[in-house]
Each structure stands twice: as C-alpha cells, then as structure tokens.
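The following paragraphs lead through a protein model, beginning with its strands and moving on to its helices and to individual residues. The reader is invited to keep the structure in view throughout.

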Amino acid sequence: MAPMANEDAHRTDPQDAVAPWRAMLLAHNRSLRAIENDLKAAGVIPLNWYDVLLELKAADEGLRMQELSERVVLSRTRVSRLVDELEAKDLVTRHPHPEDGRATLAKITKDGATALRAAAPIYLDGIERHFTAHLTSTEQRSITKGLSRVVAAQDRPPITPT
C-alpha cells in the first residue's frame, strides 16, 4: 500500500520509519509484562487466559477454534493449548459444532465468566497505570487513529493486478 498522501509521505531516513515501530513494540512488551505481573500478584488468571476468556465471553454461542485463534490478540499460536488449560480448570468447555460435526466450539463457563470478572479491574487498572497514564489525551487519540489505520490496511483484501 502506498504511503499516506501528506507531508510525511516523502521520508528519506529509514530510521524515521523504524522508530515508531520499535517504540510500539517496546511499549507493548513492557506494558504487557507489567500487567501480567499485576494479575499474578493479585492471584487472578494470567493475561493470556484473560484474552481467550474475553473473546469467548463476547461470543454467546461459543467460537470455533479457528475463529478463536483469529480473534485473540496474545499467544495466537498457543490457542489450542490455552483452551486445554482453561478446560482443565473448568473455565471453558468444548463440544462439537451443532451444524458441522468436524468443528469444535469452545465456550466460556460460569466459572470462566467469574474469573474474567475478577481479573477485569486489575487488567483495566494496569492499562491505565502502565500505558495511558504516560500519554496525553492528544497522544492517545493520535496513537489510536494511526494504529487503527494500520489495522484497517491489514484487514483489507490484497489488491491483485488485472
């Protein structure tokens, strides 16, 4: 995809392009580690469990494993193992898809929803303390706008030459 048509479109220094990427990765990594530590100290579910349970909670009828792996933000490659761990703790159930016997649906249990509610305040406080508290409201809006554009560009189907 071509750069945005504005004064920034003519950057020549490769470091200009790498610096925001590196800052985003470092901020993501450090913030997640801090939030993971907060959740651990509070004795609630780990962050990667929270991620899976949050997606399952949003899907009333459950999700196919493929859909779940597409929706989670963290540990995409370990979704099946994470669901195994959650199922062993009775936080998730798996059952055959009612319309497609080849597919398996994962669904949050009552205990899973309880665990998610217990972790939510720590998670949300962690986002505030470890991330947004260090940004002005203008910076937060700019980051949201810019990164949302990146996400939208990645979600578009590729353009194929005719």
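In which sense do strand S1 and strand S3 pair, and over how many bridges? The model is a predicted one, and in it strand S1 (residues 63–64) and strand S3 (residues 104–108) pair in the antiparallel sense, over two bridges. Within this pairing, Leu63 stands opposite Ala106 of S3. S3 also runs antiparallel to S2, to which it is joined by five bridges. His95 has Leu105 in S3 as its bridge partner.

These pairings can now be put together. The three strands form an open sheet whose order is S1-S3-S2, with antiparallel pairing. S1 and S2 are the edge strands, each pairing on one side only. Helix H2 packs on this sheet and touches S1, S2 and S3, and its direction makes about 100° with that of S3. In general, strands of a sheet pair through backbone hydrogen bonds, in either a parallel or an antiparallel arrangement.

Ile108, in strand S3, offers a view of the sheet from a single residue. Is Ile108 buried or exposed? Its relative accessible area is 16%; because buried means under 20%, Ile108 counts as buried. Residues more than four places away in sequence that Ile108 touches are Leu53, Leu56, Lys57, Leu91, Val92, Ala113 and Leu116. Ile108 and Leu63 lie 45 residues apart in sequence, while their C-alpha atoms are 9.6 Å apart in space.

The helices come next. Two packed helices are described by the angle between their axes together with the distance between the axes. For helix H2 (residues 47–58) and H5, the axes come within 10 Å and cross at roughly 120°. That angle makes H2 oblique to H5, and the crossing of the two is left-handed. On the H2 side the contact involves Leu47, Tyr50, Leu53, Leu54 and Lys57, which meet Gly112, Ala113, Leu116, Ala119, Ala120 and Tyr123 of H5. By class, the residues of this contact divide into nine nonpolar, one polar and one charged.

H5 also packs with H1. The axes of helix H1 (residues 14–42) and helix H5 (residues 110–130) come within 9 Å, crossing at roughly 145°, and this crossing of H1 and H5 is right-handed. From H1, the residues Ser31, Ala34, Ile35, Asp38, Leu39 and Ala42 meet Ala119, Ile122, Tyr123, Gly126, Ile127, Arg129 and His130 of H5. The contact of H1 with H5 comprises eight nonpolar, three polar and two charged residues. Ala119 and Tyr123 of H5 are named in the contact with H1 and also in the contact with H2.

How are H2 and H4 oriented to each other? Their axes come within 10 Å and cross at roughly 90°; H2 and H4 are therefore roughly perpendicular to each other. In this contact, Asn48, Trp49, Val52 and Leu53 of H2 meet Leu82, Val83, Glu85 and Leu86 of H4. The contact of H2 with H4 has six nonpolar residues, one polar and one charged. Leu53 of H2 thus appears here against H4, in the contact with H5, and among the residues that Ile108 touches.

H2 has a further set of contacts through Asp51, which is placed in that helix. Asp51 is buried, its relative accessible area being 7%. Leaving aside neighbours within four places in sequence, Asp51 is in contact with Val72, Val73 and Leu74.

One of these partners, Val73, lies in the loop between helix H3 (65–71) and helix H4 (79–88). Is Val73 buried or exposed? Its relative accessible area is 61%, and because exposed means over 50%, Val73 counts as exposed. The C-alpha atom of Val73 is separated by 8.7 Å from that of Asn48, a residue 25 places away along the chain.

A last backbone detail concerns the loop between H4 and strand S2 (92–96), where Asp90 is found. Most residues other than glycine have a negative phi. Asp90, although not a glycine, has a positive phi of about 60°.

Key. Residues numbered from 1 in each chain as written. Predicted model: local features only at pLDDT ≥ 70, side-chain atom pairs only at ≥ 80, totals over all residues. Heavy atoms only, no water. Helix = DSSP H or I, 4+ residues; strand = E, 2+ residues; numbered from the N terminus. Buried < 20%, exposed > 50% of the residue type's maximum accessible area, 1.4 Å probe, protein only. Axes fitted to C-alpha atoms, helices over the stretch in contact; angles between N-to-C directions. Left-handed = near helix turned anticlockwise from the far one by under 90°. Contact = heavy atoms within 4.5 Å. Nonpolar A, V, L, I, M, F, W, Y, C, P; charged D, E, K, R; others polar. Pairing = 2+ DSSP bridges. Parallel < 35°, antiparallel > 145°, perpendicular 65-115°, else oblique.
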